Each structure stands twice: as C-alpha cells, then as structure tokens.
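Trainee: I have a model open and would love a close look at one part of it. Could you walk me through a helix and what surrounds it?

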Amino acid sequence: MGEQGKKPSSPGKPESVAAGAGAPVSTNCCVKGCKKSFERFGFCAAHFEHFKFGLVKKDGQPAADYEKKLEQYEAHQSRKDVRKVA
Ligand SMILES: [Zn+2]
C-alpha cells in the first residue's frame, strides 16, 4: 500500500524483460507469432504488405475477412510473378 507512482526508470538502465509484466517492449513485428523485427508501422516487411492489403489491422490483429482477403492477396501475388509456373 501506498506504492503509487512507479519509480521513474532512469534512461540508459537496461531493463530485462520480465515475463508477464505488462506489454513487453519488443522490436518484433506486431503480428502474433511473427518473430521478425518490424520495419514499418510495427510490421515486418511481409506483414506490412498484408497490412497494406487490409489483411491485418494496425494492431496486428487479422481482419474480419482475413481468409478471403488472403486468397485475394495470394492471387495478387501470384499474378505479379507469373513466370515459370510449371
Ligand atoms: Zn511479421
């Protein structure tokens, strides 16, 4: 009790990531399960493409019609490099 207000964390002090302590500050892509580090808007390059396509929202959650959009996305991708499809 009486422990209001967190200690101001001094800059420069390395903070180890405590398990289960709030939102972990990570440099990873915000899409769940993605282990890549983010490049733009919190997404890795691949997921940023997904985001642009509307597959995932900016918080990393999949869109409501994710599967449908994924089909469109993949169709779009394969159309882009239709070269040597055996
Ligand atoms: Zn990612």
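Mentor: Happy to; let us look at helix α1 and then at the loop and helix that come after.

Keep in mind that this is a predicted model. The chain has two helices and zero strands. Of its 86 residues, 9% are buried. If you take the contacts between residues at least 6 apart in sequence, 9% of them join residues at least 24 apart.

Now to α1 itself. Which of its residues are buried? They are His 47, His 50 and Phe 51. Looking down the axis of α1, you would find these buried residues within an arc of 100°, so they line one face of the helix. There is a general rule to remember here: an α-helix has 3.6 residues a turn, so residues three or four places apart point the same way. And what covers the buried residues of α1? Part of that cover is α2.

Phe 51 also leads us to the largest nonpolar core, which has six residues: Phe 51 together with Cys 29, Val 31, Phe 43, Leu 55 and Val 56. Pick Cys 29 from that group and look at its contacts, leaving aside neighbours within four places in sequence. Among them are His 47, which you have just met in α1, and Phe 43, a fellow member of the core. Cys 29 is also in contact with Cys 34, Lys 36, Ser 37, Phe 38, Gly 42 and Cys 44.

Next, follow the chain out of the helix. After α1 comes Gly 54, and its phi is positive, near 90°. The C-alpha atom of Gly 54 is 8.2 Å from that of Tyr 66, although 12 residues separate the two along the chain. Tyr 66 belongs to helix α2. With 16 other C-beta atoms within 10 Å, Tyr 66 counts as partly exposed.

Between the two helices, α1 (45-53) and α2 (66-80), runs a loop that holds Lys 58. Is Lys 58 buried or exposed? Lys 58 is exposed, because it has 10 other C-beta atoms within 10 Å, and a residue counts as exposed at 12 or fewer. Even so, Lys 58 has contacts beyond its neighbours within four places in sequence: Phe 41 and Phe 51. So Phe 51, buried in α1, is in contact with this exposed loop residue. Lys 58 also lies 8.5 Å from Cys 30, C-alpha to C-alpha, with their positions 28 residues apart in sequence.

Key
Residues are numbered from 1 along each chain as its sequence is written. This is a predicted model: local features need pLDDT of at least 70, side-chain atom pairs count only at pLDDT 80 or more; totals for chains, interfaces and linings use all residues. A residue is buried if 20 or more other C-beta atoms lie within 10 Å of its own, exposed if 12 or fewer, and partly exposed in between; C-beta atoms are placed from the backbone. Two residues are in contact if their C-beta atoms, placed from the backbone, lie within 7 Å. A nonpolar core is a set of buried Ala, Val, Leu, Ile, Met, Phe, Trp, Tyr and Cys residues joined through C-beta atoms within 7 Å. The arc is that of the directions from the helix axis to the C-beta atoms.
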